[in-house]
Amino acid sequence: MDLAKQLVRSCARAFYQQPSFDVRHILVIDALVIHSALRDDDLAYLLSMTAMKDLHKLCTKLRDDRFLAIHIRSELKEGSVRPVNRTYYFIDYRQTIDYIKWRVYKLGKDMQVPSVPANERKEYVCPRCKADFTQMEVLDTVGPLGFICQKCEHILSHEADRTSAGHEKVTRLNNQLKFITDQLLRIDSMVVPDNDFELAIQSALPVVRDAQHQVARSTVVEPAKPTSVKGLADTGPKKIDINISNSEGPTEEEREAERLRKEKIAKQNALPSWMSSSTIDGASYSATPTAGGTASNVEADKQTLKRTQALDESQAQELSSYMENLKREQAALAAKKEEESEDDDDEGDFEDVITTRPVNSTPAPAPAITALKPAPSPLRQSIVPNKSARVNGNGAPSLKREMRMMPRVGARPVLRGLHPGCLRPSVVTNRFYSTSGSITTVPLVYDLHEPAKLVSDNPGRTSPILFLHGLFGSKKNNRGISKALARDLGRSIYALDLRNHGDSPHDPRHDYMAMAEDVGAFMEEHKIDKPTIIGHSMGAKAAMTLALRSPELVKDIVAVDNAPVDAVLGTDFAKYVRNMKKIEEANVSSLKEADAIMAEVEESLPIRQFLLGNLYTPKGQKTKKFRVPIDILGKALSHMGDFPYKEPGKVRFQKPALFVRGTKSKYVPDEVLPVVGEFFPLFEVVDVEAGHWLISENPEAFRQAVVRFLSPEEEE
């Protein structure tokens, strides 16, 4: 205990010095260490303080800092009939030592430089004007020698360790607190005894007062235990009668009384004669059948069942005959359409498109995907370029791209059943794009990012790119990376706002089929032929849905951190929707107020900024609202994890597909890669060191992966 007392005294003298604190804080601690426990008037006498208010203020500060504890008990003075509450102070050494340990740890953490997220680190510095930039900010200006300063057009230098924390302050702090940490190490090797108020008051030293400051003695009043709630009368029973019987059941008299009671109730509830009997032929329709009536009803039911079974057999034969005739008519009609289609192809009036087999046909065997130089673990590849094999349209490998092809491994896991009509094969038609009659498309708002110059004269290598955002996102989230890809690839990029997001119209239906229809209609409206579609999260599944639904419309796809499988959507999105509703109900007028509400469910500042990017102030109003329809998206969360196509291999996209996934994300695990291969036989996988929001967390690695995948290949 002596070591604990020494530690408390040392810390009081170290942290309660003038001018920031009153030196009397130290005197209070010394008095409690000596006397163990003191009443407030005794402590005021020792400190020569006449104002009890000032004393209570000093002790309240020490109580908040866990240096002392307060106990209040009722006492009765000599000559008085009414007890009063008196305040006592003592030191709970266990609590105080724990608080000192926490304060020392907190001081060390506060001296360290807080870590900065990778997407916010300003690692690019201009040697001339000393301006600094993040990875996203330097993507807009690049020259042959590297990234260019946006202010003075000087070449930037990359200093990856410029945001690292120094250790000088931490070392100096450790030297200053060495006398405390040494005592803490010694205390950890011993057991500090408990010191509650009862133990402290038993070992307390009395305060010797002079003759002029004597006080009357007082005795402790034991608190009375309440026996009842004031104002409530005792309305419970005064006694309870218990009858114990050894009979096994009701007597004959009780049975007869029960029968008479039931007959009386039945007579009271009996239907009138005009309801229980026919007014025409007098037939009775009693709700309680007799025993003879029950037997006759059973026989009648048996006869009815036999007639029904015979009727069902005859209907089944007629239905089978009708279905066979219908199949023959459909086969003849299909053959006729096929002949007309072949005639149209010979005339060359329509554009050639890729056709897929009907849903009920036998799937053709997928071409084998092999790797010339497989990695030790084929399921985890990096963005490091390597010579690999690609399977071309004829099934032969060709060395044209310097990225690893993911081999198809393992058996396909069992997925859910196929919804009727969800697989719609492409057909040869003269219409560039046709929408389903059950889906109403909405016009999508977009930003167009055009390159300064084209890198190729080949129209196939300069087709546009459509960029689809994720849930709660918009076209502005992909603005920086779209400009960088347009510059590097020499291709125009349309950054779209999907339905119920950004500036695009709202619609009650929100699923991947509807989003695919919207994108297809957008392509038809803007005369976009065979673009590359890049989609993140929700946009990735929309891109995959369009590619499988109408593969003739798409050149290739880049799916970012999502897979063509049914998955359970995280609970975070439901929390986001709930707090977005709270923000609108609170009628906030600033982003700071909205951020405080969103911080209740999301600790990450970048994610909160991403979600609150949907806020805007309507014209003529002062409160902020969300651009996205919260109710529609909240109802859609239940099926946003599903994928429209349920049977891999029934429909395929026989064109290149790149799947970019974050190493810290769980959206595309290794177990789903065989399913990806069934839908997209020519797929590749690239892992980026990031989480689910990998485009913003590691934009440079994502840009390199996409540029390698979409860059024009040199003919060998």
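In the predicted model, L466 stands opposite I533 of β15. These residues belong to a pairing in which β13 (465-468) and β15 (532-536) run parallel and are joined by 4 bridges; two strands are taken to pair if DSSP finds at least two bridges between them. Helices (H or I, at least four residues) and strands (E, at least two) are DSSP runs, numbered from the N terminus. I533 also stands opposite I557 in β16, and β15 and β16 pair in the parallel sense over 5 bridges.

Both pairings sit within an open sheet of 7 strands, with the order β12-β14-β13-β15-β16-β19-β20 and mixed pairing. The edge strands, each pairing on one side only, are β12 (446-449) and β20 (683-688). Neighbouring strands of this sheet are turned by 15° against each other on average, with direction ignored. For this and the other angles below, axes are lines fitted to C-alpha atoms, for helices over the stretch in contact, and angles run from 0 to 180 degrees between N-to-C directions.

Within this sheet, β16 is largely enclosed by the rest of the structure, as 5 of its 5 residues are buried. Buried here means under 20% relative accessible area, with exposed over 50% and partly exposed in between (1.4 Å probe, protein chains only). In regular strands, side chains alternate between the two faces of the sheet. In β16, D556, V558 and V560 point one way, whereas I557 and A559 point the other way, and all are buried.

Two helices can be placed against the sheet. Helix α13 lies across β12, β13 and β14 (493-496), running at about 150° to β13. Helix α14 packs on the sheet and touches β13, β15, β16 and β19, its direction making about 145° with that of β15. Contact means heavy atoms within 4.5 Å. The 12 residues of α14 (538-549) reach 17 Å from the first C-alpha to the last, close to the 16 Å expected at 1.5 Å a residue; the expected span is 1.5 Å times one less than the number of residues. Helix α14 is mostly covered, with 12 of its 12 residues buried. Among these buried residues are M538, K541, T545 and R549. Their cover includes the strands β13, β15, β16 (556-560) and β19 (657-662), along with the helices α13 (512-525) and α19 (673-679).

Close to this part of the chain in sequence, G649 lies in the loop between α18 (630-636) and β19. G649 is buried, with a relative accessible area of 5%. Its C-alpha atom is separated by 9.0 Å from that of F680, 31 residues apart along the chain.

Turning to the N-terminal helices, the axes of α1 (residues 2-15) and α2 come within 9 Å and cross at roughly 170°. The two helices are therefore roughly antiparallel to each other; angles under 35 degrees count as roughly parallel, over 145 as roughly antiparallel, 65 to 115 as roughly perpendicular and the rest as oblique. K5, V8, R9, A12 and R13 of α1 meet I26, I29, D30, V33 and I34 of α2. By class, this contact has 6 nonpolar, no polar and 4 charged residues. Ala, Val, Leu, Ile, Met, Phe, Trp, Tyr, Cys and Pro count as nonpolar, Asp, Glu, Lys and Arg as charged, and the others, Gly among them, as polar.

Helix α2 (residues 24-35) also meets α4 (residues 52-64), with axes that come within 10 Å and cross at roughly 75°. That makes α2 roughly perpendicular to α4. R24, H25, V28 and I29 of α2 make the contact with L58, C59, K61 and L62 of α4. The residues of this contact divide into 5 nonpolar, 1 polar and 2 charged. I29 thus takes part in the contact with α1 and in that with α4.

A further open sheet has 3 strands in the order β5-β4-β8, with antiparallel pairing. Its edge strands are β5 (132-133) and β8 (157-158), each pairing on one side only. Strand β4 (residues 124-125) pairs with β5 over 2 bridges, and the bridge partner of Y124 in β5 is F133.

Overall, the protein chain has 21 helices and 20 strands. Of its 716 residues, 38% count as buried. Among contacts with a separation of 6 or more, 73% come from residues 24 or more positions apart.

Residues are numbered from 1 along each chain as its sequence is written. As this is a predicted model, local features need pLDDT of at least 70 and side-chain atom pairs count only at pLDDT 80 or more, while totals for chains, interfaces and linings use all residues; side-chain values use heavy atoms, with hydrogens and water left out.
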